[in-house]
Structure formats: structure tokens, C-alpha cells
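Trainee: Could you take me through a single part of this model in detail? I would like to look at the largest pocket and what surrounds it.

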Amino acid sequence: MQISRMNIEDLKKIEEILEEEFDNFWSYNILSEEILKKDTIYVVAKEGEKILGFAGIWIAPDDVQITNVVVRKNERKKGIGTLLLEKIIKEAEKTDKKEIFLEVNENNFYAIKLYEKFKFEKIGERKKYYNGKDTAIIMRKNI
């Protein structure tokens, strides 16, 4: 498996299956705009030409925000999310920012465990953040 910077060609490979295979609430159009911005970094995990997952960060004026860490449904629980998160944390560490923030659905226990493994700490909540019903847990990591 290889982890590299995401490009438009990578995104085109998953355009048709983005929602059903990755549970991603971001559309192809939003992601295609995101990966071209100068203040974002998106990486992709590939096995040959097959996209297994992707992750992104936004370098904000005061900190770094993780926008997503997404793995193809049938490839989950194989360590791909760990590798993607590790890579974007390394990218964040190259900036002059001191903190990384993220939001995660309170019901996404596997993701919460992963973030805690990387020393993210819960610092707050956003009620009804996801689909107007699920709470978002706000987490932070010092870098």
C-alpha cells in the first residue's frame, strides 16, 4: 500500500462510489475544490490503482483542522485509517501551528478510539451537528 498526495485523477477514480463506499458526506464537487486549495493537504491510500481511503487537513490561520479520514467500507479494520491519520499528523507537524482539531460523530466508536490512540483529547461537543441529530465530539491534539 502506498500513501501519497491526492490529486484529481485519484478523486475521479472514486467519484461514482464516493457516497456508498466511503460514507462520506462531502460530494465529489466539494472534494475536487478542496484538494486544489493552497491551505489544504489531502492524502490517499492506494493498493495499485485501487483507492482504499483518504484523509485531509485544512491549515487554518491559528491551527490545523482534520477535515476527514475515510476508508472504503470493505477495507476497514485493516490499519488504513491509522496510516492515513499518521500521515496527516506528520504533515500538520511541518506547519508552525501548535494544535490539531477535529469533530467526530459520538457514535463512531472506532474513530474515537483511533483518535485517542494518537493522543487526541475530547474538549467539547456540538449537539445535533450530524444530520441534525447526532452530537459531534470536538477533539484536540497538541503538536
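Mentor: Start with the classes. Ala, Val, Leu, Ile, Met, Phe, Trp, Tyr, Cys and Pro count as nonpolar; Asp, Glu, Lys and Arg count as charged; the others, Gly among them, count as polar. Keep in mind that this is a predicted model.

Now sort the lining of the largest pocket by those classes. It holds 17 nonpolar, 11 polar and 8 charged residues. The pocket itself has a volume of about 1,300 Å³. It is lined by 36 residues, and V69, V104, N108, A111 and Y115 are the closest to its centre.

Which elements build the lining? At least two residues each come from β4, α4, β5, α5 and β6 (121-130). The most come from β4, which gives 7.

Next, look at the largest nonpolar core. It has 26 residues. V104 and Y115 are among those with the most contacts inside this core, along with I66, L85 and F120. You have met V104 and Y115 already, at the pocket. Elements that give this core two or more residues include β4 (64-71), α4 (80-93), β5 (99-105) and α5 (109-117). Others are β2 (40-47), β3 (50-59) and β7 (134-142). The largest share is from α4, with 6 residues.

Stay with V104. Set aside its neighbours within four places in sequence. V104 is then in contact with A111, I112, Y115, Y130, T135, A136, I137 and M139. Two of these contacts, A111 and Y115, are also among the residues closest to the pocket centre.

A second core is separate from the first. This second core has 14 residues, including I14, L18, F22 and V44.

Now the rings. The count is 2 aromatic pairs. One joins Y115 and F120: their ring centres are 5.7 Å apart and the planes meet at 65 degrees, so this pair is edge-to-face. The cut-off for that label is over 60 degrees. Y115 and F120 are both buried.

The other pair is Y129 with Y130. Their ring centres lie 5.0 Å apart with planes at 90 degrees, so this pair is edge-to-face too.

Are Y129 and Y130 buried or partly exposed? Buried means under 20% relative accessible area, and exposed means over 50%. Y129 has 41%, so Y129 is partly exposed. Y130 has 15%, so Y130 is buried. Y130 is also one of the residues in contact with V104, which takes us back to the pocket, where V104 is among the residues closest to the centre.

Conventions
Residues are numbered from 1 along each chain as its sequence is written. This is a predicted model: local features need pLDDT of at least 70, side-chain atom pairs count only at pLDDT 80 or more; totals for chains, interfaces and linings use all residues. Side-chain values use heavy atoms; hydrogens and water are left out. A nonpolar core is a set of buried Ala, Val, Leu, Ile, Met, Phe, Trp, Tyr and Cys residues joined through side-chain atoms within 4.5 Å. Buried means under 20% relative accessible area, exposed over 50%, partly exposed in between (1.4 Å probe, protein chains only). Helices (H or I, at least four residues) and strands (E, at least two) are DSSP runs, numbered from the N terminus. Contact means heavy atoms within 4.5 Å. On a 1 Å grid over the protein atoms alone, a cavity is a set of points where a 1.4 Å probe fits but cannot get out, and a pocket is an open set with protein on both sides within 12 Å along at least five of seven lines; lining residues have an atom within 4 Å of a point. Grid points are joined across faces, edges and corners, and a volume is the space filled by probe spheres set on the points. Rings of Phe, Tyr and Trp (its six-membered ring) pair if their centres lie within 6.5 Å; planes under 30 degrees apart count as stacked, over 60 as edge-to-face and the rest as tilted.
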